[in-house]
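Please consider the fold shown here, beginning with its sheet and proceeding to the helices that accompany it.

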Amino acid sequence: MMVAIATALPGFAQAAKPLKVFMTTDMEGVDGIFDLELQCDPQKSPRWEESHRLLTGEVNAAVKGLYEGGATEVFVYDGHNSGRSLSVLGIDPRVHLLEGRPVSPTAELDASYGAFVFVGQHAMAGAEKGVLTHTESSDGIQNVWVNGRPTGEIGFFVMMAGHLGVPAVMLSGDTAACREFHDLVPEAECAEVKTGVSRTAAWMLSHSAACALITEKARRAMQRLAQIKPYKLTGPVEVKVEYTTRGTPLHSCSRRSGTVERPDLGIPRKGYHRRVFDV
Ligand SMILES: [Zn+2]
């Protein structure tokens with residue numbers, strides 16, 4: 001009897017199910033971006049205004065695709081430069097926009113979301129031919145391993161979302177970021193908007209071509225949502241952080257739960273930070 005009712009009213013059944021999507025944004029993976037000093041600092045970069053417009057265009061392109069594919073609400077987390085990169089001016093009016101810091105350790109992501117997406121994402125520190133690669137800080141961290149696996153910001157978000165039961169379904173960024181994402185979630189959608197030639201040079205799409213691609217991939221990710229599973233880590237989990245000579249242990253390590261050690265490895269001017277926690 002239940003089946004008969006659902007079949008008779010498919011539109012009603014669909015409308016009754018809300019689908020909240022969480023989007024994290026960054027600048028280094030946006031099409032057209034290749035230089036930190038010139039383009040990525042809201043306070044100092046001579047080409048910041050252009051960067052801001054490029055990022056806003058890509059966010060709106062993704063929002064369009066997400067709604068077309070079935071999202072009912074889209075929440076956008078401004079991830080670059082401590083949440084000072086987007087503006088309520090120019091953003092799609094259907095978006096809830098999170099600006100500023102501090103935010104919770106999960107960037108306010110929780111289990112109420114049905115999908116997680118990246119826009120403008122860069123690859124991890126040291127990734128081959130990745131544009132403006134880094135992990136958390138631009139020059140403070142050399143490497144991070146999660147249970148022995150090299151991991152960057154993409155992995156952190158994919159794993160955190162997965163822990164909350166939220167699948168990471170789509171990413172836009174350069175070729176290296178797409179590769180890193182697909183290594184973790186092979187069935188997810190990727191919009192490859194630029195291809196690195198070196199860390200500070202890349203072949204770019206036009207902005208309009210990048211936006212069209214992002215819309216298409218975001219729409220497809222929503223339509224294929226049932227096929228994309230949340231990433232699962234089984235505890236205990238060990239996170240090992242190798243700092244550069246200029247790096248210092250991040251506050252974020254100490255304010256989260258778990259055991260933190262700083263092993264003395266006898267290597268001067270390099271720090272290691274290791275923590276173990278249960279998921
Ligand atoms: Zn950034």
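Two strands pair if DSSP finds at least two bridges between them. Helices (H or I, at least four residues) and strands (E, at least two) are DSSP runs, numbered from the N terminus. The model is predicted: local features need pLDDT of at least 70, side-chain atom pairs count only at pLDDT 80 or more, and totals for chains, interfaces and linings use all residues. Residues are numbered from 1 along each chain as its sequence is written.

The protein chain contains eight helices and 12 strands. An open sheet of mixed pairing is built from seven strands, in the order β3-β2-β1-β4-β7-β8-β9. Because β3 (95-98) and β9 (201-204) each have a single partner strand, these edge strands are each left with one side lacking a neighbour in the sheet. At the β9 edge, β8 and β9 run antiparallel and are joined by four bridges; S198 stands opposite A201 in β9.

Helix α7 (residues 207-223) has 17 residues and, at 1.5 Å times one less than that number, should span 24 Å; its end C-alpha atoms are 24 Å apart, which agrees. Its buried residues (20 or more other C-beta atoms within 10 Å of their own, with C-beta atoms placed from the backbone) include A210, L213, I214, K217 and A221. Which elements are included in the cover of the buried residues of α7? Among them are α4 (48-69), β4 (115-121), β7 (168-174) and β8 (189-198).

Across the protein chain, buried residues make up 39% of the 279 residues.

Key
A residue is buried if 20 or more other C-beta atoms lie within 10 Å of its own, exposed if 12 or fewer, and partly exposed in between; C-beta atoms are placed from the backbone. Two residues are in contact if their C-beta atoms, placed from the backbone, lie within 7 Å.
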